[in-house]
Amino acid sequence: MIGSKAKDPQRMADFIDWLYSPEGVEMGCVIQSNSCGPEGLTWEMKDGKPVLTEFGDKAFVTKEENLKVPDEWGGGTWTEGGSALNYKSLGLLDTNPDKDNMYYTYLRWEDYQNKTATELSKDWSEHNDNASTAIERLNSTGKLLVLPGTNYATPEYSTDISAIKEQCKQTIVEYSWKMVFAKDEKEFNSLLEEMQTTANGLGYEQVFEVDKQNCEDQYKAFEEAKAAQ
């Protein structure tokens, strides 16, 4: 929205349009969307694929503090130049039509994924048809669902349920840490059983039934919205 007292409303409208343009998405480099930043500074094309430059590595991979921007790009630090607007203009799978449908976010680039891969992420990928993200895995198996927007709002818990949930939470957190550091599988299973017994004694099932009903009500709202489209 543009305020009625704006001195130059057209200029503000043009700026908003630019923010959502391919150039604006890249150059804005909004933290919330993990957009790639300007070509030539943070990234460049090599063999038809976007790769991070040395500066991009420092900005996105190692996240170097007080990273200095070259004078030809305006100087100052990288964090000072990033957009402070708190909005997300695109999704993880959105692509730039002006750059051969390259992903706007560097998080989806093969170069970035290779540079940030861990033994855990490599193992997960190998067990999921070499997918690089959960979204990619769900999409390739036809299990990615898009839910329509609704006016559904989860109701607040009653005082009793809120108290029970907090007690269960504390119990689960406490025992989870103990299980992490269990000396062997026998101790782990013993702690797990004790945690479940304690949580159930506190009223875990009551919280579960409330959450289950809320999920069913939310799903019903989704189905009604879908049928109305």
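Q: What makes a pair of side chains a salt bridge in this predicted model?
A: A side-chain nitrogen of Lys or Arg has to lie within 4 Å of a carboxyl oxygen of Asp or Glu. Side chains of opposite charge can pair when their charged atoms come close.

Q: How do you know that Lys115 forms a salt bridge with Asp111?
A: The closest N and O atoms of Lys115 and Asp111 are 3.1 Å apart. The limit is 4 Å, so the pair qualifies. Lys115 and Asp111 both lie in helix α5 (residues 110–116), four residues apart, or about one helical turn.

Q: Why is Asp111 called buried or exposed?
A: The relative accessibility of Asp111 is 16%. Buried means under 20%, so Asp111 counts as buried.

Q: Which class does Lys115 fall into, and why?
A: Lys115 has 35% relative accessibility. That value is neither under 20% nor over 50%, so Lys115 is called partly exposed.

Q: What makes the contact of Lys58 and Glu54 a salt bridge?
A: The N to O distance between the side chains of Lys58 and Glu54 is 3.8 Å. This is within 4 Å, so the pair is counted. Both residues belong to helix α3 (residues 54–61), where they sit four residues apart, about one turn of the helix.

Q: Why is Glu54 called buried or exposed?
A: Glu54 has a relative accessible area of 59%. Exposed means over 50%, so Glu54 is exposed. Its partner Lys58, at 29%, counts as partly exposed.

Q: How do you know that Asp129 and Arg137 form a salt bridge?
A: The closest N and O atoms of Asp129 and Arg137 are 2.3 Å apart. With a cut-off of 4 Å, the pair therefore counts as a salt bridge. Asp129 has a relative accessible area of 60% and is exposed, whereas Arg137, at 22%, is partly exposed.

Q: How many salt bridges does this rule give?
A: The count comes to ten. Glu26, Glu39 and Lys99 are linked in a network of salt bridges.

Q: What is the phi value of Asp129, and where is the residue found?
A: Phi of Asp129 is near 55°, a positive value in a residue other than glycine. Asp129 is found in the loop between α6 (119–126) and α7 (134–140).

Q: What is the phi of Asn130, and where does the residue lie?
A: Asn130 has a positive phi near 65° and is not a glycine. Asn130 lies in the loop between α6 and α7. At 58% relative accessible area, over the 50% limit, Asn130 is called exposed.

Q: How do you know that β1 and β2 are paired strands?
A: Pairing needs at least two bridges. Four bridges join β1 (residues 43–46) to β2 (residues 49–52), so the strands are paired, and they run antiparallel. One of the contacts along them is that of Met45, whose bridge partner in β2 is Pro50.

Q: How many residues lie between the strands of the hairpin of β1 and β2?
A: There are two residues between the strands, and Asp47 takes a positive phi near 55° in this hairpin.

Q: At what angle do α8 and α10 pack?
A: Helix α8 (residues 159–180) and helix α10 (residues 204–228) pack at about 115°, with their axes 9 Å apart. The crossing is left-handed.

Q: Which residues of α8 and α10 meet?
A: Ile161, Ile164, Lys165, Cys168 and Ile172 in α8 meet Tyr204, Gln206, Val207 and Val210 in α10. These residues divide into seven nonpolar, one polar and one charged.

Q: Why is Phe222 called buried or exposed?
A: Phe222 has a relative accessible area of 14%. The limit for buried is under 20%, so Phe222 is buried. Phe222 is found in helix α10. Beyond residues up to four places away in sequence, Phe222 touches Leu147, Pro148 and Thr150. The C-alpha atoms of Phe222 and Thr197, 25 residues apart along the chain, are separated by 35 Å.

Q: What makes Thr77 buried or exposed, and where is its place?
A: The relative accessible area of Thr77 is 10%, under 20%, so Thr77 is buried. Its place is in the loop between α3 and α4 (78–81). Leaving out residues up to four places away in sequence, Thr77 touches Asn66, Leu67, Lys68 and Val69.

Key: Residues are numbered from 1 along each chain as its sequence is written. This is a predicted model: local features need pLDDT of at least 70, side-chain atom pairs count only at pLDDT 80 or more; totals for chains, interfaces and linings use all residues. Side-chain values use heavy atoms; hydrogens and water are left out. Axes are lines fitted to C-alpha atoms, for helices over the stretch in contact, and angles run from 0 to 180 degrees between N-to-C directions. A crossing is left-handed if the near helix is turned anticlockwise from the far one by less than a right angle, and right-handed if clockwise. Contact means heavy atoms within 4.5 Å. Ala, Val, Leu, Ile, Met, Phe, Trp, Tyr, Cys and Pro count as nonpolar, Asp, Glu, Lys and Arg as charged, and the others, Gly among them, as polar. Buried means under 20% relative accessible area, exposed over 50%, partly exposed in between (1.4 Å probe, protein chains only).
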